[in-house]
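The report below describes one protein model, moving from its sheet to the helices around it and then to its surface. Please keep the structure in view while reading.

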Amino acid sequence: MIRKPLRPLASILRARDKGENPDVIERENIRQRHEEMRDTGRARAEGRLFIMAILFFGAFITVGARMGIVSYSEAVEPRTSYSVSKIVAQRADIVDRKGRILATNLETNSLYAQPHHMIDKERVATELVAIFPELDEGRLKKDFTGSRKFLWIKKKLSPEQKQAVHDIGDPGLQFGAREMRLYPNGKLAAHVLGGASFGKEDVHAAEVIGVAGVEKQFDAELRDPANGGKALTLSLDLTVQTAAERVLHGGMKLMNAKGAAAVLMDVHTGELISLISLPDFDPNDRPRPKIKGHASDSPLFNRAVQGLYELGSTFKIFTAAQAMELGLASPSTLIKTSGPLRWGKFKIRDFHYYGSELSLTKVIVKSSNIGTARMAQVIGAKRQQDFLRDLGFFDPTSVEVVEASGIQPLLPSNWSELSTMTISYGHGLSASPLHLAAGYATIANGGTRVLPTLLKRETAQEGRRVMSQTSAEQARIMLRKVVTEGTASFGEVPGYAVGGKTGTADKPKENGGGYYDDRVIATFASIFPIHAPRYVLVVSLDEPIETSGPEPRRTAGWTAVPVAAEIITRVAPLLGLRPDVEPGHLADITLTSN
């Protein structure tokens with residue numbers, strides 16, 4: 001800035017020439033300078049005030065807008081910022097074949113305590129026990145008054161429980177947001193789903209991991225972010241599973257059985273439409289495994305997959321099918337059935353006396369142990385082993401639950417001729433109901449092996465051929481006659497031609513010391529509709545007793561068969577099978593004319 005001099009020489013000289021006082025010029029210049037300084041200061045102040053006014057106005061508008069947004073939003077608890085880089089909580093849904101939810105995620109809260117922040121520790125312990133009766137009040141008080149700085153109270157809270165804890169009003173009780181696994185159908189398909197639990201966790205997040213069933217089998221896939229949350233689609237049908245479970249549960253109670261299993265399988269695709277084990281559990285509150293007692297006494301035990309049983313006379317159809325496949329017999333071949341059949345010190349008997357000889361078909365219809373054993377002698381141990389191996393009875397099933405991989409059928413250490421004879425009618429080899437269903441599916445679909453699967457398939461499996469279509473068809477005719485003429489007469493379902501075979505096996509003692517005299521495993525393996533097979537149903541009851549008659553009855557024909565028939569009655573329409581109604585007799589009508 002160039003300042004004007006107060007006494008400019010030219011102005012002073014002119015003033016002296018005119019006789020004026022030069023000091024007046026200086027005073028005038030001082031006045032002008034002060035006015036300029038005052039104007040500059042005023043302009044600077046006005047500019048600053050204007051800028052401050054704009055800033056204050058903008059802040060007021062911002063605060064007002066934020067207040068308006070908050071007033072229309074839902075109130076939430078403030079959350080402390082945290083990193084979830086090491087804890088992955090998101091998990092894909094599991095759905096049935098029609099897209100209905102079997103397992104999903106639910107946002108919930110955990111509850112933890114910081115005792116050093118508590119105001120009234122004893123009151124908090126008392127009120128927590130009132131909300132959660134399973135907690136130990138004495139233990140809580142000890143933990144709260146001790147040296148601990150942190151302890152979990154509950155890993156999962158319902159909204160009602162959270163509100164009740166919030167009402168306690170103690171700053172030492174804190175909530176942490178997290179996800180939990182929810183099974184909205186409760187116990188339905190519990191053994192298939194298995195359950196989930198928490199892995200890595202902190203107070204604000206938890207990793208959900210599978211602990212059993214398909215949840216554990218597909219744990220990595222369900223947690224993989226690369227799948228974009230795509231749901232895992234199972235082969236189960238939720239509606240069919242529900243109906244079958246209700247019938248099986250009622251049948252188990254009616255027959256006084258301690259447990260039951262059912263397998264419903266598509267004979268072409270291998271899809272398991274329903275897989276049931278009773279007693280069951282709620283995967284939302286999965287119980288702890290039992291430490292003492294037999295594994296099968298736990299509700300966690302999957303009888304359909306893990307249960308290894310001697311499946312009795314249901315194996316006889318395999319012997320008949322192999323005999324026909326090898327050309328050793330035809331359905332009408334006569335087989336000697338007089339007995340008992342002796343092998344060393346052992347005797348093989350029939351439940352009833354069926355005469356001195358029966359055709360191969362009648363051996364199956366009447367369920368003759370002697371006739372089946374004689375046929376097995378002709379087949380021989382080596383060929384019998386090869387055939388049962390082809391049917392899958394030498395290996396664990398490939399079904400997609402983690403428990404299945406370790407379930408190896410129990411085979412005799414020395415496969416003698418006696419073993420060949422007893423295994424032919426289902427004694428001496430223990431397998432699961434799922435193994436049996438897969439074996440019957442081979443007969444049902446025309447002789448090709450299919451592997452049971454819990455994943456939805458769109459096409460039939462192209463399995464290895466085990467027997468010819470002719471042998472499989474002849475075996476199905478025999479199974480149909482078992483229902484219409486033989487031991488499974490209670491298995492007939494009007495409109496749905498059912499074929500199947502009963503099996504009643506004495507239950508072995510837990511300590512390996514022989515068999516119980518009054519305990520059996522009753523099984524019915526069925527195919528429907530038998531003339532155009534679509535499904536196999538295996539029903540197995542553990543220690544059933546039918547008590548409607550004067551004497552208790554334990555055989556499968558009286559126990560497992562009627563339960564299976566009721567299941568087929570309920571689920572066949574749900575599966576889209578039209579009943580085959582036989583046309584009635586029409587009244588004679590005479591056509592006349594005028």
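Two strands are said to pair if DSSP finds at least two bridges between them. The model discussed here is predicted, and within it the bridge partner of G499 in β17 is I527.

**The five-stranded sheet**

That bridge belongs to the pairing of strand β16 (residues 499-508) with β17, which runs in the antiparallel sense over nine bridges; in the pairing with β17, P508 stands opposite Y515. On to the next strand, a hairpin of six residues joins β17 to β18, and β17 and strand β18 (residues 535-542) pair in the antiparallel sense over eight bridges, with V539 of β18 as the bridge partner of F524. A further antiparallel pairing, over six bridges, links strand β8 (residues 259-266) and β9, where M265 stands opposite L272 of β9.

Taken together, these strands form an open sheet of five with the order β9-β8-β18-β17-β16 and antiparallel pairing. Because β9 (272-278) and β16 stand at the edges and each have a single partner strand, one side of each is left without a neighbour in the sheet. Neighbouring strands of this sheet are turned against each other by 10 degrees on average, with direction ignored.

How many of the residues of strand β17 are buried? Of the 14 residues of β17 (residues 515-528), ten are buried, so the strand is largely enclosed by the rest of the structure. A similar reading applies to the edge strand β16, where seven of the ten residues are buried, so that β16 too is largely enclosed by the rest of the structure.

**Helices and a loop**

Helix α15 (residues 433-444) lies across β8, β9, β16, β17 and β18, and runs at about 150 degrees to β18. In the loop between α15 and α16 (469-485) lies Q461, which counts as buried because its relative accessibility is 15%, below the cut-off of 20%. When residues up to four places away in sequence are not counted, Q461 touches H268, T269, G270, V450, L451 and T453.

Helix α14 (residues 417-424) is mostly covered, with seven of its eight residues buried, namely L418, S419, T420, M421, T422, I423 and S424. The buried residues of α14 pack against α10 (316-325), β12 (341-343), β13 (346-348), α12 (369-379) and α13 (381-390), a set that includes both helices and strands. After α14 comes G426, whose phi is positive, near 90 degrees.

**Surface: a nonpolar patch and salt bridges**

On the surface, F50, I51, I54 and L55 make a nonpolar patch of about 440 Å². Within this group, F50 is found in helix α2 (residues 22-72), and it counts as exposed because its relative accessibility is 56%, where the cut-off for exposed is over 50%.

A search of the whole structure finds 30 salt bridges, and three of them, including their N to O distances, are set out below.

| Salt bridge | N to O distance |
|---|---|
| R123 and D120 | 3.9 Å |
| K141 and E137 | 3.2 Å |
| E458 and K456 | 3.8 Å |

Where do the partners of these bridges stand in terms of accessibility? In the first row, R123 is partly exposed, with a relative accessible area of 29%, and D120 is also partly exposed, with 34%. In the second, K141 is partly exposed, with a relative accessible area of 26%, and E137 counts as partly exposed at 27% relative accessibility; being four residues apart in helix α4 (residues 137-145), K141 and E137 are separated by about one helical turn. In the third, E458 is exposed, with a relative accessible area of 68%, whereas K456 is partly exposed, with 35%. Elsewhere, salt bridges that share partners join R91, R181, E207, E215, D219 and R223 into one network.

Definitions and conventions
Residues numbered from 1 in each chain as written. Predicted model: local features only at pLDDT ≥ 70, side-chain atom pairs only at ≥ 80, totals over all residues. Heavy atoms only, no water. Patch = residues over 30% accessible without salt bridge, like charges linked within 9 Å, V, L, I, M, F, W, Y side chains within 5 Å. Areas by Shrake-Rupley, 256 points an atom, 1.4 Å probe, with all protein chains shown as cover. Salt bridge = Lys/Arg side-chain N within 4 Å of Asp/Glu carboxyl O. Helix = DSSP H or I, 4+ residues; strand = E, 2+ residues; numbered from the N terminus. Buried < 20%, exposed > 50% of the residue type's maximum accessible area, 1.4 Å probe, protein only. Axes fitted to C-alpha atoms, helices over the stretch in contact; angles between N-to-C directions. Contact = heavy atoms within 4.5 Å.
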